[in-house]
Amino acid sequence: MPQVNEQLVRDMVQKVLQHVQSGWGGRVPPTVGKNASPIVSAGQTSQSSAGMAAQTCQRFGQFGSVAEAVEAARVAQRAIVHRSLAQREIACDLIRQICINQADMLGRMEMEETKIGHAAHKVEKLSIAANCANGTKALRTECFSGDHGITLEERGPWGVIGIITPVTHSLPTLAVNAVNMIAAGNAVVCNPHPGGKKIAAHGAKLFNQAIYEKLGIDNLICVITEPTIESADQIFKHPDVDLIVVTGGPAVVAAALKSGKRAICAGPGNPPVVVDDSADMDNAARCIVEGSSYDNNLLCLSEKEAFVVDSVFDRMMDAMAKAGAYRLTTQQMEELTRICINLPKDPSHHPTANKKFIGAEPQTIGAAIGLTIPASCRLLFGEVSSNMHPFVQAEQMMPVLPFVRCRDFEQAVEFAKQAEHGFRHTAVIHSKLVDHMTYMGKEMNTTLYIKNGPSTAGNGGGGEGYGNFSIACSTGEGIATPNTYTRFRRCTMVDNLRIV
Ligand code: NAD
């Protein structure tokens, strides 16, 4: 039996009030306790006493146990479902504003904690997250109208969504997911990567505080503050978690798919780039440097190996150097392979990156083999002996790009397809030949396919369309939007309601 104390009583009364409030047409219940705040309407900020009350009563999404987090998220979800779309949008906007206004501090905190990637890009990714995050306006509704009346198809929330986030972009992934999921009327329970747990919990606290002050609902975004594989498993198995969304490598995708629940999986990638003899070499090189070096190659969609046809191979290597990348000899590529890539014990598995060099700066990686890389350089590159080279087969997540010389275009595509490992994630081509673009698109069968641009353009970064840090390539939903996190619901009125 839990010991009855003042805090427990306040928490219970708060939960009861949040249930009762569901019938209050969008009004917010008074906070319980000696610093009780007055009732506020949507769009109004509560009195200053609310903040003080919050400090004594609210959890702001910080939870040590999965059971408590899921229960709090369930209560919050029941509250938001009875609010208007405009109020959901207010919650989304508060998250966006925090990501933009505090990008500098939060990005630096993420860099300090995770110690991977490029500091300036850590900051930029938070602003990108805010701009990526679709809101309620993205929710689709369909209507059928005819002699038999009107049928409406709407996108409804699942309820509580359990999410697992990666260390490569801990807070950006949580922020975009939170906006898209709340826009759709859900609440979130997040098991962050242990390497990015502090920034995830801190971000969630800021988001919840802001939402609570404006709307009076706490815990729409709950974070497990000491996440483990066991707590992830508890989320997968919890009866009140309605949907699972994972962003990460092969292990977490396999675990989510075994959970017995509907799972949306944004899994690993190993994106190849193919360059044929018709390509604009200088443009191709600039694009490859931009995409492959972003945040030190931590993005799942970044170019991770290049296949170039023999007739233009040497020109392409010169263009890469002209675009600011640092060329390594084949011997230096071998030296780096020995220290940066782990060979698998089981030959049916792929080689993996040595964690010590994941997301490291090119200067740090070069120094490991005695090289002094200029500070302005963002990418190392060099020729490797074959398409089966460990640097080609591994998802290296570091700014070192292996180049493979290919007999012709068909061979380049064949090698690219093999290196992508069937992840169906991302592929890039530089070519002016429509036939080549079409052929490669069909062969690769990837979720994102970028032509004559950096890989990031396929995710809204310099190309048309929206973006996200969760690209559900493994289960096929693609770049996640609020609709991704909804259930189809239909409502039919028979023989009536038409006005024409
Ligand atoms: P990771 O797979 O090591 O961890 C991802 C998350 O899964 C973490 O929270 C981790 O704690 C958890 N996890 C790992 N194994 C688990 C298991 N067996 N059960 C439950 N949870 C488990 O990956 P990472 O290093 O954090 O991120 C990099 C990987 O994520 C790369 O493979 C990258 O391609 C992928 N990624 C994909 C996308 C996408 O949108 N498709 C986006 C970002 C990252």
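**Ligand shell and strand β8**

Me: In this predicted model, how many residues surround the ligand?
Reply: The closest are T165, G249, G267, E395 and I471. A residue joins the shell if one of its heavy atoms lies within 4 Å of the ligand. The number of residues around the ligand is 29.

Me: Which residue has a side-chain N or O atom 2.5 Å from an oxygen atom of the ligand?
Reply: Backbone atoms account for two other contacts. An N or O atom of the G267 backbone lies 2.8 Å from a ligand nitrogen, and one of the G269 backbone lies 3.5 Å from a ligand oxygen. The side-chain contact at 2.5 Å belongs to E395.

Me: What share of the ligand's own accessible area does the protein cover?
Reply: On its own, the ligand has 830 Å² of accessible area. Of that, the protein covers 86%.

Me: Which helix gives the largest share of the shell around the ligand?
Reply: Helices α9 (229-237) and α10 (250-257) each supply at least two shell residues. The largest share is three residues. That share comes from α10.

Me: How many residues of the shell are charged?
Reply: Domain 2 (62-267 + 480-488) and domain 3 (272-464) each contribute at least three shell residues. By class, the shell holds 16 nonpolar and 12 polar residues. The charged count is one.

Me: In strand β8, which residues point the other way from A263 and C265?
Reply: Side chains in a regular strand alternate between the two faces of the sheet. In β8 (residues 263-266), A263 and C265 point one way, and all four residues named here are buried. Pointing the other way are I264 and A266.

Me: What is the bridge partner of T247 in β8?
Reply: Strand β7 (residues 243-247) pairs with β8 in the parallel sense, over four bridges. For T247, the partner is A266.

Methods:
Residues are numbered from 1 along each chain as its sequence is written. This is a predicted model: local features need pLDDT of at least 70, side-chain atom pairs count only at pLDDT 80 or more; totals for chains, interfaces and linings use all residues. Side-chain values use heavy atoms; hydrogens and water are left out. A polar contact is a pair of N or O atoms within 3.5 Å; within protein, one must be able to donate a hydrogen and the other to accept it, and residues adjacent in sequence count only if both atoms are side-chain atoms. Accessible areas come from the Shrake-Rupley method with a 1.4 Å probe; for residues, only the protein chains shown count as cover. Ala, Val, Leu, Ile, Met, Phe, Trp, Tyr, Cys and Pro count as nonpolar, Asp, Glu, Lys and Arg as charged, and the others, Gly among them, as polar. Domain bounds come from an automatic or database domain assignment. Buried means under 20% relative accessible area, exposed over 50%, partly exposed in between (1.4 Å probe, protein chains only). Two strands pair if DSSP finds at least two bridges between them.
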